[in-house]
Number of protein chains: 2
Amino acid sequence: MVDFDPIAEAHRQWSARWPDRADHMTAVTSVMRVQQVLLSRVEDALKPYGLTFAAYEALRLLAFTRHDSLPMGKMGERLMVHPASVTNAIRKLESRGLVERNLSPDDRRVVLAAITPAGRTLVEEATDALHQADFGLPGLTRQRAAEVTLTLRELRAAAGDA
Amino acid sequence: MVDFDPIAEAHRQWSARWPDRADHMTAVTSVMRVQQVLLSRVEDALKPYGLTFAAYEALRLLAFTRHDSLPMGKMGERLMVHPASVTNAIRKLESRGLVERNLSPDDRRVVLAAITPAGRTLVEEATDALHQADFGLPGLTRQRAAEVTLTLRELRAAAGDA
DNA sequence: GGCCAATATTTGGACGTTAAAGTAACTACC
DNA sequence: GGTAGTTACTTTAACGTCCAAATATTGGCC
């Protein structure tokens, strides 16, 4: 616990000037902070495996895939990131031998990223670590986690996403 | 609405393998996504003023301050970011004449960042723009925004923050 | 068949964040 | 008073994200 919460303090400041706007501002600030803290927790758990969360997500996605490979573009869609971010993530994974890149035989514009056996082994270990860390949210019940997801889906909708 | 939600799809994948872990994973993923979308919306609104959200927050904080200035370290605490991030943000604002840096007369280790008249003018304009954009959350009621903040405070607590 | 538009990926640049190391200045204590 | 330790800030380096521009390949259409 902290004796001073900057978010609450900011809300106080806004309320004094724009009482009818403070709640939206604080909601946004809260999202930013939760993301920051959660990312930090998750990356702590992944550090022993030399993976960032972005790298982990890419690897995890490939491991889920039926044929262990996916076009770069599809990965960007699933991970909801810019194509350049996928290139960046896959390049590092490839240099560690966790992923391979091959041109698609059907369309040579397409690059297929495929997880290697080493990549599969690592991602399973890393997944165990994340499970043990409860994804940075120890103490949160399953049910509450599901409710949070619903609330955030509403927020995504309000922001024009999904 | 989108015809395919990557977060829901990911939840499906996790549920098939780790039914009792999927909810936490999805909650985390949702936070990351909401942050990404919200940041994008907010920065769209700030773009006409040449401000990023980080720069805006620094400027806004200084404008709230009694004497229009704050030590760099205090800014880092309030904004909940690393000292290096404050240095980075203030350097850019200073180069645009929106902020000044002065050594504290009391303690010459301390750098006081102070908002300039130009900075104050700009931050008020930018604040209006954010208000008009409802901080990227049009359609969300005040009440709902406040509820979201409470939920996120619970999440921060679960993650070990605040 | 041949040219133009659309699609897929990469490259380079700008920004934000953190961790770790370095510099300067203040404080405590013998 | 002089040395040791702490504190404040900056610098450097690594990573992630996005945008805009460049490259390559495919597909449509006259």
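Which residues come nearest to DNA strand C? In this predicted model, 23 residues lie around the strand, and A:G73, A:A84, A:T87, B:H82 and B:S85 come nearest. Both chains supply elements to this surface: α4 (72–79) and α5 (83–95) of chain A, along with α3 (53–64) and α5 (83–95) of chain B, each give two or more residues. The largest share, five residues, belongs to α5(B). If you sort the surface near DNA strand C by class, you will find 11 nonpolar, six polar and six charged residues.

Now let's turn from the DNA to the place where the protein chains meet. Here 48 residues of chain A are in contact with 48 residues of chain B. On the chain A side, the elements that give two or more residues are α1 (6–17), α2 (22–46), α4 and α7 (142–158). Of these, α2(A) gives the most, with 16 residues. By class, this side of chain A has 25 nonpolar, 10 polar and 13 charged residues.

Next, follow chain B to its helix α7, residues 142–158. How far apart are the end C-alpha atoms of this helix? They are 25 Å apart, which agrees with the 24 Å that 17 residues should span at 1.5 Å a residue. Within α7(B), the residues B:A145, B:V148, B:T149, B:L152, B:L155, B:R156 and B:A158 are buried. What do the buried residues of α7(B) pack against? Their partners are α2 and α7 of chain A, and α2(A) is the helix we met above as giving the most to the side of chain A that touches chain B. Just after α7(B) comes B:G160, with a positive phi of about 95°.

How values were computed:
Residues numbered from 1 in each chain as written. Chains lettered and ligands numbered in written order. Predicted model: local features only at pLDDT ≥ 70, side-chain atom pairs only at ≥ 80, totals over all residues. Near = placed C-beta within 6 Å. Helix = DSSP H or I, 4+ residues; strand = E, 2+ residues; numbered from the N terminus. Nonpolar A, V, L, I, M, F, W, Y, C, P; charged D, E, K, R; others polar. Contact = placed C-beta atoms within 7 Å. Expected span 1.5 Å × (residues − 1). Buried ≥ 20, exposed ≤ 12 C-beta atoms within 10 Å, placed from the backbone.
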